Amino acid sequence: MANFLVGHFFYWFVFLLMAIGLFGIVLKRNLIKKAIGMSIFQVAIILFFVASGSKWGGTVPVLDPRLGISDTARYINPLPHCLMLTAIVVGVATSGVAFALIISIWRRYQTLDEPELLAKMKNDPD
Amino acid sequence: MNPQQVYSSLVPLWAVVVSLAAVLFILLSSRRPNLREFWTLAAGLAKFGLVLSLLPAALRGQTAAADLFEILPGVRLALRADPLGVLFALVASGLWILTSCYSIGYMRGLKEHKQTRYFAFFAVCLSATMGIAFAANLATFILFYEILTIATYPLIIHQETPEAVRAGRKYLAFTLSAGVLLVAAAVWTYQLTGGDLDFRRGGLLAGLPLAAGTAVPLFLLFLAGVGVKSSVMPLHSWLPTAMVAPTPVSALLHAVAVVKAGVFGLVRMAFFILGPELLRRFRLDTALLVLAVVTILLGSLLALRQDNLKRRLAYSTVSHLSYIVLAVGLLSGPALVAGLLHLAFHAVMKITLFFCAGALAVRLGRENVSELNGVGRVMPWTMAAFTLGAVGLCGLPPLAGFVSKWYLGAAAVAGGRPLLAGVLVLSGLLNAAYLFPIIQRAFFRRGEGLAGRKEASAWMVVPLFLTALLSLALGLYPNLFFDLAGRAAAGLFGSL
Amino acid sequence: MIPTNAPALTPLLFLFTGLLIPLAALKLKKLAYWLALAATALASAAALSNIFRVLDGRAIHYHFGGWPPPIGIEYVLDPLSAFVTSVINVIALIVLIHARRTVEADLPEGKRVPYYALVMLMMSGFNGIVMTGDFFNLYVFLEICSLALYGLVAVGDRKSPVAAFRYLVLGMIGGCFYLLGVGFMYMNSGSLNMADLKAILAVLGPRPGIIVALAFMLLGFGIKMALFPLHGWLPDAYTYAPTATSALMAPIGTKIGAYGLIRVLFFVFVLQFITQTVPVATVIAWLSAAAILYGSIQAMAQDELKRMLAFSSIAQVGYIGLGIGLANPWGLVGAVLHILNHGLMKACLFLVAGNFRMKLGHSRISRLDQEARRKMPWTTAAFTLAALSMIGLPPTVGFFSKWYLAWGAVRNKGWVFLAIILLSSLLNAVYFFRVVERFYLRPKQKGEEAGRTAAATSGRSEVTVSMLAPTLILAASLLVVGLLNAVLVQGILLKFLPPGLAALKP
């Protein structure tokens, strides 16, 4: 049991981050904090992937002449890193769009507090 | 079982399509009423002519078949003009012509609005009715059945008063629910037969080993599906409410097309899908008989309490339709023949009564029985026709009603259920109780405010007198329908 | 054109056009629309011809960069993806024809060119999701189309940024859950290629990691397809988005999620796995049943037409989910057929709503009356036909979807599901007839005189041909496709059934 907890400590950390992110999205009232929560959630998943590719005692996936190519198990898996490059870009783009929307909302409603916002929207004629 | 001779012919298809084509012309001629009405009459005559052309073959027991494209995997949109279908189609298309003439007189007499919409949807309804009559399988049947439901709605709400809208909503609530249950039954049948939905003599499901847990719910679904339109109690209450519709609508649709489509559907379900053997095995025939008796008697009793003439006639229809349900429940050839005769004869007699009611409303503005004192003197032709129709409904010779009732009673006795014949007699007495007072008031009491009033326009009086005469003629010479019904019932009861 | 290139063409075409539009518009602003239209037309033609390429049931594979899978990314054209891309592209084409006028009306000058570019990106995303045979590539295109959609929703009226923000947050969570699922899948199997995974999973069996992966992927797709209770973003997004966006999103957007669900559940996992080992199918079926009821009931309470249609969409997505959850051939055929049918119906309905907004200035149900019908008879006729189809009257398409779904339910002896499918027809009748009645019946308060003067003052004021024609084409298609549904089912849909399901046919 202890082995399970300690051995996967990084994954526990990642899930903690995800929980924090979700907590932020759901429970925070301010839109910017929601966006931050979203960012944290996404970064947690990126870390999850990266962690999945790493190995104890592994080295960067660049050809090391001392190891050669016969012992590929000594290199960490580069594929999740590539996938996560894409995911990072997606995250950046999404955060950009999110903040652009937040600016637009601010301009129209002068508030970023969700309950207040909803109340203002209700009174706003279509 | 004699195999039916089937020949291929597109006539059933044309019969369905001709009034759909007329819809287009009706819509285009909305600014020229005479031209517009011409299209309706032309379509009616064409349709009747087409159905008549199918008659000789049907009397010989042959079926015209028109197979179209596949509508579901393994099921084609197909039309079959077998004797049963031709009987129904004959009644509906023939009476449409008369109703159209009557409609012209009625609508113009009341200067009704939205006449184009009226005539257009009427034509669609008749198209759908032909489709129901000639449907070769359950899918085609449901297709046209639902089209009939929707096409009738604009006719019911025609007046657009709050009352009419409410009646329309009630109608839709009942009929759409029924349609949905019918679809459930059809899907289940599709599943049980492995993709076959054809109407087959003796029952599509006849050969399958079905347990009570399957057969009884399936029967109930079918019953609810066709039972609403057949006005079986307790599914009947939409019919009296729908009497807010213009009288020709009430006349044709509720005395001939819509409700007759319901009982026609019941005959198809009972003998071409479930099969008499299945019904007998699970005692479902008894269930039908019980429902029929309750409806016959309660319908008549409720009719007694109605002062509004059309509502009284509506409850009378509810009661008479269950004669046919009774006939189905007896599960015998002679009973079915009697039931089919009643389908045709009741239509002719009832439509006479509705036509008269409409004439009274248009000419005298009177809709309630209590207001009808002395009208017989002012509108003798109308009330004479009414008398003929009423006498026929009571089942008195020499009118058509006597013939169908007699045969039904005889079939009941022959089937070992003489009590049912007693029910029929009782019903006849009740019919007299709610119809004869009207005649008595019309001819034998003095009326008020009738000075200077005369008969309704010829457009209305001629049709209603024709249908009254028809009730007499069919009573004296029922052979045509008798033979047709006999052909329809042949081969349905194989081993029974 | 080399046949093996076919799978990759449509996503790339849209990507290319999406990049071309801003450049071309520097020269001539009007080009933006015409390029978008041309690209969609080309893609529709390609997608339709693709169907004929795969009618024999064999799939066409395209390997990007020549790298064979599972190392490289491959795109697969099989009957299912051919069908879904055709649906997407053809409906988008019809909606785009309609969109020209509404975009001009709804959007300020400077935003129109970027709008069309985003539409191209969105279409690229949709087509990529359908064609791809790689799980991570699916994520990439999922995010492409989602980002484009956030932008497309946000350019509407005052409330649209808020709706877009909510959509963004929820959509992002969905995408991330999906990504997490892919991660778990990769960790346990070592492959991202769908076909490859199928072989690997057959050997691996039900590992906890795989089950978790499936759960997360389902969550992701569920949010994307707005399956109850993950539908929270949908009503606002559909209501406040501009007409063209709603009309593009509603018929197509949620279907992509459903498609993803079908691919994962039936083409990667074994049927037994999803029905017995982990009863995912059952869960989806029950959630869908709840969706049908929830959507229909909520729709009855709405006053704004677009919002009513949004809740109706939630219910309709429930149909598709139910078909998936039944996990039998006919349920699945019903679900896929409904992708087409609902696409046609909703596109028609949203175009009608757009027509009303254009000519009447609003689409509030309580303000619609005979006036609307007198001014726009064709539009209201199209609405009525679409309403009849949603209710499920034969021979419109709506009836046939319900038939196949009902058949699937009966086959599984799912009587509750059968009852819900049929009950929903009645619920649909309630909220659609409410609107139809307003068009054709006299209002209760006004008297005779008011009715007559109204007739005298308002003349015909129907929308232009470019807006009316698509509406009517879609309405007519409801009848045509309905009558031809047997051809579609037997010719195409039955071909795509994966072997495990095909063996179950009656």
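Here is a short back-and-forth about this predicted model of chains A, B and C.

Me: What ipTM does the predictor give the complex?
Reply: There are two scores for the complex as a whole. The pTM is 0.90, and the ipTM is 0.93.

Me: Which pair of chains has the most contacts?
Reply: Start with the pair that drops out: chains A and B do not touch, and their nearest C-alpha atoms are 31 Å apart. Two pairs of chains do touch. On one side, 24 residues of chain B are in contact with 23 residues of chain C, and on the other, 22 residues of chain C are in contact with 26 residues of chain A. The pair with the most contacts is A and C.

Me: Which element gives the most to the side of chain C that touches chain A?
Reply: That side involves 22 residues of chain C, in contact with 26 of chain A. Two helices, α5 (135-154) and α6 (160-189), each supply at least two of the chain C residues. With 13 residues, the one that gives the most is α6(C).

Me: How many nonpolar residues are on the side of chain C that touches chain A?
Reply: Take the 22 residues that chain C puts in contact with chain A and split them by class. Two are polar and three are charged, and the nonpolar ones come to 17.

Me: And on the side of chain B that touches chain C, which element gives the most?
Reply: Here 24 residues of chain B meet 23 of chain C. Strand β2 (62-72) and helices α5 (138-156) and α6 (162-193) of chain B each supply at least two residues of that side. By class it has 17 nonpolar, four polar and three charged residues. The element that gives the most, with twelve residues, is α6(B).

Me: How far apart are the centres of the two domains of chain B?
Reply: Chain B is divided into domain 1 (1-282) and domain 2 (289-491). The domains touch, with 46 residues of domain 1 in contact with 45 residues of domain 2. Taken over C-alpha atoms, their centres are separated by 22 Å.

Me: Which helix gives the most to the side of domain 1 of chain B that touches domain 2?
Reply: Several helices of chain B each supply at least two residues, among them α2 (33-59), α3 (83-110) and α9 (247-274). The residues of that side divide into 33 nonpolar, ten polar and three charged. With 15 residues, the helix that gives the most is α3(B).

Me: What is the radius of gyration of chain B?
Reply: Chain B has 19 helices and three strands, and along its principal axes the C-alpha trace spans about 70 × 55 × 40 Å. The globule rule gives 23 Å for 496 residues, and chain B comes close to that, so it is as compact as a globular protein of that length; its radius of gyration is 21 Å.

Me: What about the radius of gyration of chain C?
Reply: Chain C holds 22 helices and two strands, and its C-alpha atoms fill a box of roughly 80 × 60 × 40 Å. Of its 506 residues, 64% count as buried. A compact globule with 506 residues would be near 23 Å, and chain C agrees with 22 Å.

Me: How many residues of α16(C) are buried?
Reply: First a length check: at 1.5 Å a residue, the 15 residues of α16 (377-391) of chain C should span 21 Å, and the end C-alpha atoms are indeed 21 Å apart. The buried residues include C:F383, C:L385, C:L388 and C:M390. Just after the helix, C:G392 takes a positive phi of about 100°. α16(C) is mostly covered, and the number of its 15 residues that are buried is twelve.

Me: Is B:N479 buried or exposed?
Reply: B:N479 is found in helix α19 (479-489) of chain B. Its C-alpha atom is 36 Å from that of B:V378, 101 residues away along the chain. A residue with 12 or fewer other C-beta atoms within 10 Å counts as exposed. B:N479 has 9 of them, so it is exposed.

Me: Where in chain C does pLDDT stay under 50?
Reply: Overall, chain C has a mean pLDDT of 87, and 94% of its residues reach 70 or more. Where pLDDT is low, the predicted coordinates should not be read in detail. The low stretch has four contacts beyond four places in sequence, and it covers residues 445-457.

Notes:
Residues are numbered from 1 along each chain as its sequence is written. Chains are lettered from A and ligands numbered from 1 in the order in which they are written. This is a predicted model: local features need pLDDT of at least 70, side-chain atom pairs count only at pLDDT 80 or more; totals for chains, interfaces and linings use all residues. Two residues are in contact if their C-beta atoms, placed from the backbone, lie within 7 Å. Helices (H or I, at least four residues) and strands (E, at least two) are DSSP runs, numbered from the N terminus. Ala, Val, Leu, Ile, Met, Phe, Trp, Tyr, Cys and Pro count as nonpolar, Asp, Glu, Lys and Arg as charged, and the others, Gly among them, as polar. Domain bounds come from an automatic or database domain assignment. The expected span of a helix is 1.5 Å times one less than its number of residues. A residue is buried if 20 or more other C-beta atoms lie within 10 Å of its own, exposed if 12 or fewer, and partly exposed in between; C-beta atoms are placed from the backbone. pLDDT is the predictor's confidence in each residue, from 0 to 100. The radius of gyration is taken over C-alpha atoms; the globule rule is 2.2 Å times the number of residues to the power 0.38.
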